[in-house]
Amino acid sequence: MLVFRGARSWHKMGQAKQAAHGCCGHAHGPSIQEIATLTSARDAVALIASIAMRPCTGALFVLVIAARFDAFAVGCLAVITMGLGTAAFNLTVVTSGVAARRLAGLGARDHQAMQAISATLHVTGGVLIIAISIGMLLPYLD
């Protein structure tokens, strides 16, 4: 996926120049204007719930299995631990992503250069992941 995104970004840079504001063409969440149109606390809660509410099938499986073995409290602790692990992982990914973007921005003079650095990092990271995956798979192919 990273290689595909980097190659697509390189292709877009070759086809046409990006707009000055650097919009990538899709929403990453509600915009400030969308949040400003909220008229009540009920609307705000509905917006937050729509973002946060997604079923986690792994947690549901753990709870069902824990309930089946009469260890529902242990299952609840396991689900809380899973949630904390997911939060820690997401925090690490977001922090490293922001740090990488800022570091790439240090070497970029303008938006076009920033986009080229980002595409290069995507392709390089993707190729590295593919190489490591193949290296880990090779011993099992004998």
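How many residues does H6 have, and how far does it reach from its first C-alpha to its last? In the predicted model before us, H6 has 27 residues and reaches 39 Å between those two atoms, close to the 39 Å expected at 1.5 Å a residue. I shall return to this helix after a word on the whole chain.

The protein contains six helices and zero strands. Along the sequence, the pattern reads α-α-α-α-α-α. Of the 142 residues in the protein, 9% are buried. The exposed surface comes to about 11,400 Å², and carbon and sulfur atoms supply 71% of that area. As for contacts between residues at least 6 apart in sequence, 53% join residues at least 24 apart.

Let me turn to helix H1, which spans residues 2-15. Its 14 residues reach 20 Å from the first C-alpha to the last, close to the 20 Å expected at 1.5 Å a residue. Which residues of H1 are buried? They are Gly6, Ser9 and Met13. These residues cover an arc of only 60 degrees around the axis, and therefore they lie on the same side of H1. The face turned away from that buried side carries Gly14 and Gln15, both exposed.

What covers the buried residues of H1? The cover includes helix H6, residues 111-137. Serine 9, located in helix H1, shows this at the level of single residues. Its relative accessible area is 15%; because the cut-off for burial is under 20%, serine 9 counts as buried. Leaving aside residues up to four places away in sequence, serine 9 touches Gln115 and Ala119. Both of these partners also appear among the buried residues of H6, which are Met114, Gln115, Ala119, Val123 and Gly126.

I now move to the surface. Ile130, Ile134, Leu137, Leu138, Tyr140 and Leu141 make a nonpolar surface patch of about 670 Å². One of these residues, tyrosine 140, is placed in the segment after H6. Is tyrosine 140 buried or exposed? With a relative accessible area of 71%, tyrosine 140 is exposed.

My last region is helix H4, residues 57-68. This helix has 12 residues and reaches 16 Å from its first C-alpha to its last, close to the 16 Å expected at 1.5 Å a residue. Within H4 lies glycine 58, which is partly exposed at a relative accessible area of 29%. Glycine 58 and valine 79 are 21 residues apart in sequence, and their C-alpha atoms are 8.6 Å apart in space.

What follows H4 deserves a remark on backbone geometry. Aspartate 70 comes after this helix, in the loop between H4 and helix H5, residues 72-107. What is the phi of aspartate 70? It is near 55 degrees, a positive value in a residue other than glycine. Aspartate 70 also has a relative accessibility of 74%, and so it counts as exposed, the cut-off being over 50%.

To close, I would set two sites side by side. In H1, serine 9 is buried and touches Gln115 and Ala119. In the loop between H4 and H5, aspartate 70 is exposed and has a positive phi. Thank you for your attention.

Note on methods: Residues numbered from 1 in each chain as written. Predicted model: local features only at pLDDT ≥ 70, side-chain atom pairs only at ≥ 80, totals over all residues. Heavy atoms only, no water. Helix = DSSP H or I, 4+ residues; strand = E, 2+ residues; numbered from the N terminus. Expected span 1.5 Å × (residues − 1). Buried < 20%, exposed > 50% of the residue type's maximum accessible area, 1.4 Å probe, protein only. Arc of directions from axis to C-beta. Contact = heavy atoms within 4.5 Å. Patch = residues over 30% accessible without salt bridge, like charges linked within 9 Å, V, L, I, M, F, W, Y side chains within 5 Å. Areas by Shrake-Rupley, 256 points an atom, 1.4 Å probe, with all protein chains shown as cover. Salt bridge = Lys/Arg side-chain N within 4 Å of Asp/Glu carboxyl O.
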